[in-house]
Amino acid sequence: MVELGAHLTAAGTADTFRSHPAPTNMRRPNSHALRIVTLAGLIGVGACAGREPAKPMQRLQLRALPSPAGPRSAEPFVSTGPSSTVLLSWLERQPDSTTVVLKVATADSNERWSPPRAVVSATDLFVNWADFPSVVVLADGRLLAHWLQKNGGGKYAYDVKLAQSGDGGQQWTPVGSPHTPGLAAEHGFVTLLPRADSSADIVFLHGTPAATGSAEGHGPPMSLAAAHWSRDAGLATGASILDPRTCDCCQTAAASTSRGPVVIYRDRSDTEIRDMSVIRSVNGTWSAPTPLHADGWQVNGCPVNGPAVSAIGDTLAAVWFTAARDTAKVQLAFSTDAGATFGTPIRIDGGMPSGRLDVEQLRNGDALVTWIERTGTNSTAIRARLVRRDGTPEPPLTIATLPGGRATGFPRMTRRGDDVVLAWTQPGPISTVHLAVLTIVPR
């Protein structure tokens, strides 16, 4: 996978406040009154000089949530199931340094974690800071998991593997791959999208074998593909190609609306424009790709920075990273017609974003966005920001400070009722997965 190595910068923004001039006395009072008025005026001026303009209310409240993940844990993913249960999955490297275990734990409504369960343990898992496994809850309560596993065909030859569990993650049954397994090609950046009938769509990037002698074994451009899985029918034969040419290593995103699934991904034109595109399932048929917004970002390399999307009913919130015109931005756009059209983008970041973002649509129509912002030469911060349905961004909140680099991975969110649970990797000599709960104070 080719990664863009350029250091992107952006101009910051500042809030300004306008003070109101004090009224003037138009009549000349007598001398005694003048002394009283002058003294009162001086007191008033001193009081005004010491008073700062009122700051916007911070409606995000943060508290730590104990994590069931052990030492050497990383690449977390969170999802929500029935009765507000939260699932956390993560990769945990074992002391032998070669065995990696995909683990999962469930927190009940009182935030009590189940014992961690192993989904898979192997020495040939494909572990990547940007392409992480996931576990979701299906409508009937079963769990569906995905991970990446090498198939022996070369450095960049690995398969997407799926497994299901009907007992809360204690036992797992393999259910195959959404593509032809064993090809010497890349497959990954999976989104598992549960449906109301307890089935799931599997959206992923689909690779083809590289030509003999190609650099590092990379094949032709990746394509966007989708497969369908159900308990009774298993995986549909052959994945559907939704777009034959996409960015090589950016995450995919998908959400369920009342009119059907919507997929958002980083597209790739013949002239290397890598903007966001939207594909919708309309009456059971996938539509042709349409632009989410014409950023016009031309870049000859993958930025490893995929979009995120969240939906409630027909309303979607989509967030993405772009560096068009040499300005790095995190942008948010709303749709009220199940992804058919989107409004004007709203800039979210503080001026120096790295991207690595996520979004949750809230029940009141607002959206909560998280992203990573650069704060120094080798320091970053996880930031969160509420954006009102009318497009008004509220003050940002710093969740955690982190070193720069890949080890921080991609923070992930899931909505639990009116709260949001956030998971991220805290790098260090021994990395660990951290958790927090974001509570939104009503306006």
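**Notebook: hairpin, cores and rings**

I started at the hairpin of S21 and S22, where six residues lie between the two strands and Arg325 in the turn has a positive phi of about 55 degrees. A reminder to myself before going on: this is a predicted model.

**Around S22**

I looked up how S21, residues 315-322, meets S22: the two run antiparallel and are joined by seven bridges. I picked one position to follow by eye, and Trp320 has Gln331 in S22 as its bridge partner.

Next I checked what else S22 pairs with. I found S23, residues 346-347, paired with S22 in the antiparallel sense over two bridges. Here Leu332 is matched with Ile346 of S23.

Is S22, residues 329-335, mostly covered or mostly open? Mostly covered: I get six buried residues out of its seven.

One S22 side chain also turned up in my search for charges over rings. Arg389 has its charged end over the ring of Phe334, 4.5 Å from the ring centre.

**Whole chain**

I stepped back for the overall tally. The chain has 30 strands and one helix. It runs to 443 residues, and 51% of them count as buried. I also looked at how far apart in sequence the contacting residues are. Taking contacts with a separation of 6 or more, 52% are between residues 24 or more positions apart.

**Cores**

Which residues have the most contacts inside the largest nonpolar core? I noted Leu144, Leu192, Ile202 and Leu224, in a core of 38 residues. Then I listed the elements giving two or more residues to this core: S7 (143-150), S8 (158-165), S10 (187-194), S11 (200-206), S12 (223-230) and S16 (260-266). S11 gives the largest share, five residues.

I took Leu224 as a way in and set aside its neighbours within four places in sequence. Its contacts include Val203, Phe204 and Leu205, then a run of Ser240, Ile241, Leu242 and Asp243. Further along the chain, Leu224 also touches Thr246, Thr252, Val263, Tyr265 and Ile279.

There is a second, separate core, this one of 20 residues. Among its members I wrote down Trp297, Phe334, Trp371 and Val387. So Phe334 comes up twice in my notes, in this core and under the charged end of Arg389.

**Four-stranded sheet**

I traced an open sheet of four strands in the order S1-S30-S29-S28, with antiparallel pairing. Which strands are at its edges? They are S1 (60-65) and S28 (412-416), each pairing on one side only. The twist from one strand to the next averages 25 degrees.

I looked at the S1 side in detail. S1 and S30, residues 432-440, run antiparallel and are joined by six bridges. Leu62 has Leu438 in S30 as its bridge partner.

**Aromatic pairs**

How many aromatic pairs are there? I count four. I followed two of them.

Phe126 and Tyr158 are stacked, at 3.8 Å centre to centre with 15 degrees between the planes. This pair links distant parts of the chain, 32 residues apart: Phe126 is in the loop between S5 and S6, and Tyr158 is in S8. Phe126 has a relative accessible area of 12%, so I log it as buried. Tyr158 is buried too, at 0% relative accessibility.

Trp129 and Phe410 make a tilted pair, 5.6 Å centre to centre and 35 degrees between the planes. They are 281 residues apart, with Phe410 in the loop between S27 (397-403) and S28. Why does Phe410 count as buried? Because its relative accessibility is 4%, and the cut-off is under 20%.

**Trp129 and its surroundings**

I went back to Trp129, which is in the loop between S5 (117-122) and S6 (134-137). At 15% relative accessibility, Trp129 also counts as buried. I checked its distance to Glu75, 54 residues away along the chain, and their C-alpha atoms are separated by 6.6 Å.

Trp129 belongs to an aromatic cluster with Phe132 and Phe410. Last entry for this spot: the charged end of Arg356 sits over the ring of Phe410, 5.9 Å from its centre.

Terms used: Residues numbered from 1 in each chain as written. Predicted model: local features only at pLDDT ≥ 70, side-chain atom pairs only at ≥ 80, totals over all residues. Heavy atoms only, no water. Core = buried A, V, L, I, M, F, W, Y, C linked by side-chain atoms within 4.5 Å. Buried < 20%, exposed > 50% of the residue type's maximum accessible area, 1.4 Å probe, protein only. Contact = heavy atoms within 4.5 Å. Pairing = 2+ DSSP bridges. Axes fitted to C-alpha atoms, helices over the stretch in contact; angles between N-to-C directions. Phe/Tyr/Trp six-rings, centres within 6.5 Å; stacked < 30°, edge-to-face > 60°. Lys NZ or Arg CZ within 6 Å of the ring centre and 35° of its normal.
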